[in-house]
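Could you walk me through this model in my viewer, one selection at a time? I would like to know what to click on next and what I will find there.

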Amino acid sequence: MTTVTTGTRAVKGAVGTAHTRVEGRDKVTGAARYAGEIPFAELAHGWLVLSTVARGRVRSVDTAPVLGMPGVIAVLHHENAPRVETDYPGLLGSAPDPTVAVFQHDRVPHMGWPVALVVAETSEEAREAAEALVVHYEVEPHDVDFYAGHPDAYAAEGHMPGVVEKGDLEAELAASAFVVDERYTTPEEHHNSMEPHAATARWDGGRLEVVDSNQGTTWVAGELANLFSLDPASVWVRSEHVGGGFGSKGVRPHQVAAVMAATTLQRPVRVVMTRRQMFSLAGYRSPTTQQVRLGADTDGRLRALDHGSLSLTSTVHEFVEPSAGVARVMYDADAHHTANRIVRLDVPTPTWMRGPGEAPGSFAIESAFDELAEKCGLDPIELRVRNEPALGPVSGLPFSGRNLIACFRKGASRFGWADRDPRPGLRRDGRWLLGTGTAAASFPAGAAPSTAAITAEADGTFTVRINAADIGTGARTALTLIAADALEVAPDHIRVRLGDSDLGPAMIAGGSMGTRSWAWAVTAAAGDLRERLALGDGIPPEGITARSNTTEAIGALAPKERHSFGAQFAEVAVDVTTGEVRVRRMLGVFAAGRIVNPLTARNQLVGGMTWGISMALHEEAVRDRVTGGHYGADLAGYHVAAHADVPHIEADWVDDPDPDDPVGIKGIGEVGIVGAAAAIANAVWHATGVRHRNLPIRPDRVLMAGQDA
């Protein structure tokens, strides 16, 4: 821990030391209020009514009986709801999502499409009336069938090129001594954050106020202003505490419906999604089918890499799960072909989900690498060492830092990898077959322009104002530590205000870019403030405020490959008579920039690894081809890892500060899940000698594989 001097008192450096959450007491005592808990006078409650057909038109909505029910105030639907605008630029220049423009037409593009909002005096009255509302449909044939080789699939870009090619793939495969050519699949997966999506809207003196649970109030305020053709200054969105987001808490139908109802009724209206509704309205990770072909020389050097991924999207909005993108960073080859393709089906639109692209993509490429190591007769880590690129395999750009091999070496030492017999199916513990596996991880480390303001108060404290979003990651605490060091004061002299669109534009909490982007802005504002304080004779009663905008600084960054990296290790026990797979221990070692707060950083990494267990062994949303809807759209039917599934998990890191970042930060929110499922699947192979290329590795699949072996 470093020590700096401010005036006459010494202050210990805060960044890099473990610090409990500054809002922790409020959260555990209930003083911290979430979006669905904040009281409003004359509050009404809206309940969404979702379609019961997968494709067609709404012929009529029988509102009269429902309007006569106790407490019911209104029923909004496509014939009476306010009109909204949909032709405007979306987030980061992407096309706006038309699925949030609810009640604008009679079309039904998927099961669970919002067709009405019932508003009543209480939540219970709204729900009873919504469940009683009769909607008549004109039903049309639907298609929810996702499979490899779908004839309607096409290459799509999303936030990266759809297809990238170099070299003669077939020639290099033909010249390879060892070839892997396999298909890997991952199922539809859902976020299911602990706090449901909730929003309250009200008009106050000509200004729209929205209290919401989201990953970026600037984002939500901007989208609402565009949708309702409002002056952006007349929209105020607050989101102080958020109980998880994972990519799902952007602009969703419930916020738009709440604003519509508040506009129509001229009173506050709250809309909260149910857990079941979240399966239709909150986005999800698309299923994927991925074909990976690898060709290597006798020494294990790659000659050919071909990674093609197919995912699905809705018929009304294009979203790409870019699973082939991870190969463009991890490994080079003389012939390097990657492609992301999608097919439009009668399903809800997928969205970002922790480790988008990288999580399912790493399962395929890292499983294929394990298979290639077996064919080459090489240790899986040694194969990766031999294929470590000096430059970006596709971009040709230098890496801002690539300490992947350091992660593998530290992890191998701690995990006891050197004692591993590479032959599968040999280790036993009673009825259990034991195996170990490993996989690599990576995730982009970007930064986006943000603004911040810091005020030196007359009492000697400092107030940091930045429109960050703490979605449970500990961002509020991290920014407290960063500001404390930048101002050379103790953390208890810092107050951080966030989650308020009036604080100015800032990056959303997403893409592992939040803390990096916000810290840059806070550090810049702190530097300016210190200069001003050094020139002054004291602090006036109103304080002294410095502001920052990092647009120019971030725009001046030299082009580089910027990523966090990691090495995942897993030990599993498999009972081939029952099909049970138990993860006994996991270790992840990461190169993720300078670690601001080891306590919350470890929490984030372990959380991602735990989700990797869930992804490998449990999570699977299944659609009924007949109805187009889910089987078991709740946490009883959609299985996630429980306490009994989570073993001893360790997360550690190597020294890896980013020299181009003022604090040295990269990002840790996503990388923890990347590669975790592949490490587990590779460990299952090592235990049993049978490859599992389809997730999740359910007991029935283990039993069937055992029968086929």
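This tour of a predicted model visits a group of strands and then a helix.

**Stop one: the hairpin.** Select residues 288-296, strand β16, together with residues 302-313, strand β17; the two pair in the antiparallel sense over nine bridges. To see one pairing up close, pick L294 and find L305 of β17 standing opposite. Now click through the turn: five residues lie between the two strands of this hairpin, and G300 there has a positive phi of about 90°.

**Stop two: the other partner of β17.** Add residues 335-344, strand β18, which runs parallel to β17 and is joined to it by 10 bridges. Highlight S311 and look across to I342 in β18, its bridge partner. Then show the surroundings of β17: 10 of its 12 residues are buried, so the strand is largely enclosed by the rest of the structure.

**Stop three: helix α11.** Move to residues 404-415, a helix of 12 residues that reaches 16 Å from its first C-alpha to its last, close to the 16 Å expected. Color L404, I405, C407, F408, G411, A412 and F415, the buried residues of α11. Turn the view to look down the helix axis: these buried residues fall within an arc of 150°, so they line one face. On the face turned away from them, select the exposed residues R409 and S413.

What do the buried residues of α11 pack against? Show α8 (327-330), α10 (380-386), β20 (432-444), β25 (563-575) and β26 (580-591) to see these neighbors. Finish just after the helix at G416, which takes a positive phi of about 80°.

Methods
Residues are numbered from 1 along each chain as its sequence is written. This is a predicted model: local features need pLDDT of at least 70, side-chain atom pairs count only at pLDDT 80 or more; totals for chains, interfaces and linings use all residues. Side-chain values use heavy atoms; hydrogens and water are left out. Helices (H or I, at least four residues) and strands (E, at least two) are DSSP runs, numbered from the N terminus. The expected span of a helix is 1.5 Å times one less than its number of residues. Buried means under 20% relative accessible area, exposed over 50%, partly exposed in between (1.4 Å probe, protein chains only). The arc is that of the directions from the helix axis to the C-beta atoms. Contact means heavy atoms within 4.5 Å. Two strands pair if DSSP finds at least two bridges between them.
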